[in-house]
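Q: Please take one part of this protein and look at it closely. Set it against the whole chain, and say which terms and cut-offs you use.

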Amino acid sequence: ARAQIGVTGLAVMGRNLARNFARNGFTVAVHNRSSARTKSLVAEHGDEGDFVPSESLEDFVASLERPRKVVVMVKAGGPTDAVIDELVPLLEQGDIVVDAGNAHFPDTIRREKDLAAKGLHFVGTGVSGGEEGALNGPSIMPGGTAESYESLGPILEKISAHVDGVPCCAHVGPDGAGHFVKMVHNGIEYADMQLIAEAYDLLRQGLGASAAEIGGIFAEWNTGDLESFLVEITAEVLRHQDAATGQAFVDVVLDQAEQKGTGRWTVQNGLDLGVPITGIAEATFARSLSGSVPQREAAANLPAHTAGWEVGKDDASRARFVEDVRQALYASKVVAYSQGFDQIAAASAEYGWNIDRGAMARIWRGGCIIRAGFLNRITEAYERDENLPLLIADEYFADAVGAGLASWRRIVAGAAQAGIPTPAFSSSLAYYDAVRAPRLPAALVQAQRDFFGAHTYRRTDRDGTFHTDWSGDRTEAEA
Ligand code: NDP
C-alpha cells in the first residue's frame, strides 16, 4: 500500500482531481467502474505524476495507505450510495470516505451517520470551479469531523486554489456543513448571474448599445469594485461573435435558462429555515420564467403602457446612466451575498455546525465561480464582528450601499417605467427598504390572522399574547 489518496469515479471531475493530486506530488490510487476511463487517464496523463491504477475496488482499496482516504467522484444520488455500499465492507476503522460530488446536504447528514456507526469518517465536500478548477485548483468546502480534517485537510489545501498564498479550503463543520455551504455558494452564483444579466439588459435597452460595446463596459467594471470571474467572463461572452451568422453570440442563444437543481435546493432550504433569500429566489424563478414557453407566448400581446427611458444622447448622460447601473448592480449584489450569509448563519445554528462565515468568504476568493475581490471585504466584515447579524449593516457595506442608493432607486424606478423586468434588482431594493424599516405592515397581517384564525398577536405597549373577540363585542383577552 503506497497511495496517499485515492479517487474512484474518473469522469471529467474525478479525472481532473486525480491529476491535480498527482501534479502536487501525491501518489494517487485511481479507479472507475468501467476500467476504460482508468486506462485512458494513465495512458494520457501518466507522466504527470504517480498514479496507481486498479481495475477492482478491492485492489484500489488495498493500494491505499492507512488511514485510507478515498475520494468518491461519481454521479450524485443513487450512484454515490451504490459506491459507498461497495466500499464500506473493504474499509477499516478510521478510514475516510470523501464524497466530492454535488450531494444534497440531507443525504450527506444521513451518510455521515451511517458511516460513523461503522467507525468510518465520512466527509461530504463541496468542490467548486468546474473541470478547470478540479484540475488547476478548486475551492474546496469539506464537512465531516475535525479529526478527519487533521489528516485530509493538508492534502486538500495543497490542491486547492490559493489567493495571496492562502488556500481556498477550510474545514466547514460537521456532517452536511460542507455540502450545505456549496449549495449556498451555487445559490449566490444564480443571484450574481441574474443581476449581471439584468444590468446587461438595462444597458442594452437604455443605451441602445451593441452587445460588444456592453462587453467593453463590463471589462471596465472588472477593474473596480465589481472585479470578479463572472463579470470577466460576461465581458468575454458579450464580445464574442457567432461564427455561423456573424451576429453577437448572445443574440443567437435561445433565451431559456436551465438549471441542475442547486438553486432550487437553496430556495427550498431558505423557506424551511425562514430566511428571506429573495435575491437567490428571484434568480431561480427568473430561470423558470424564461423557460415557461406557453405562458410567455400567451402573454406576448399583453399591454405594456410603458413610458420611455430618458437617457440623454450626450456622453455625460450616457456615462451617468452606466454608472447608475453599476451602482445598482453592486448594491443588489451585496444584498444577495448578505442574504446567503444569513442563510449560512441560520443553518449553522439550526444544525449545530458552528460555521465561520469569514472563512467561507475567504475560501471563495479563488477557484470557484463566484470568486471576486469583494469577498475580501466580507471576510474583513466578519473579522470585525464574527456575530455580525447582517452583512449590509457592517460599516463598510452600509457605506458602499448607501453611496449607491440614489442610483439604485433611479434604476429600479426607471426600469419599472420603461417596462424592463429587473426582478433581482427590484426585490433586492425592496428587501433593503423592508429590513431597514422602523415599522412594517406585518402588524396588519398579524391582525388579519387574529381576525380569521384566532392566531393571537403581541402588542407594542405590553408584554403577553392577546386575542380580540372579532365575532362578538371585540373585547381583548390575554391568550
Ligand atoms: P458524472 O456526474 O457524469 O458521473 C459519471 C461517473 O459516475 C463515471 O465515473 C461513472 O462510471 C460513475 N458512475 C455512475 N453510476 C455509477 C454506479 N452506479 N457505480 C459506480 N460508478 C458510477 O461525472 P462528473 O465528473 O461530471 O461529475 C462527478 C460529480 O461531480 C457529480 O456529483 C457532479 O454533480 C459533480 N460535479 C461537480 C462540478 C463542480 O463544479 N463541482 C461540475 C461537474 C460535476 P462509468 O464510467 O463506469 O459510467
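A: Accessible areas here come from the Shrake-Rupley method with a 1.4 Å probe, and for residues only the protein chains shown count as cover. On that basis the protein has an accessible surface of about 22100 Å², and carbon and sulfur atoms account for 51% of it. The model is predicted, so local features need pLDDT of at least 70 and side-chain atom pairs count only at pLDDT 80 or more, while totals for chains, interfaces and linings use all residues. Residues are numbered from 1 along each chain as its sequence is written, and side-chain values use heavy atoms, with hydrogens and water left out.

The whole chain comes before the part. Its secondary structure amounts to 20 helices and eleven strands (DSSP runs numbered from the N terminus: H or I of at least four residues for helices, E of at least two for strands). With a radius of gyration of 26 Å, close to the 23 Å that the globule rule gives for 479 residues, the protein is as compact as a globular protein of that length (the radius is taken over C-alpha atoms, and the rule is 2.2 Å times the number of residues to the power 0.38). The C-alpha trace spans about 75 × 70 × 45 Å along its principal axes. Half of the residues, 50% of the 479, count as buried (under 20% relative accessible area; exposed is over 50%, partly exposed in between, with a 1.4 Å probe and protein chains only). Of the contacts between residues at least 6 apart in sequence, 66% join residues at least 24 apart (contact means heavy atoms within 4.5 Å).

The part chosen is helix 2, which covers residues 35–45. Its buried residues include Ser-35, Thr-38, Leu-41 and His-45. These four lie on the same side of helix 2, because they cover an arc of only 135 degrees around the axis (the arc is that of the directions from the helix axis to the C-beta atoms). An α-helix has 3.6 residues a turn, so residues three or four places apart point the same way. What does the buried side of helix 2 pack against? The buried residues of helix 2 meet helix 1 (12–23), strand 2 (28–31) and strand 3 (51–53). The face turned away from that buried side carries Ala-36, Lys-39 and Ala-43, which are exposed.

Elsewhere, Phe-466 in strand 10 (residues 466–468) gives another buried site, with a relative accessible area of 2%. Phe-466 and Ala-477 are eleven residues apart in sequence, and their C-alpha atoms are 5.7 Å apart.
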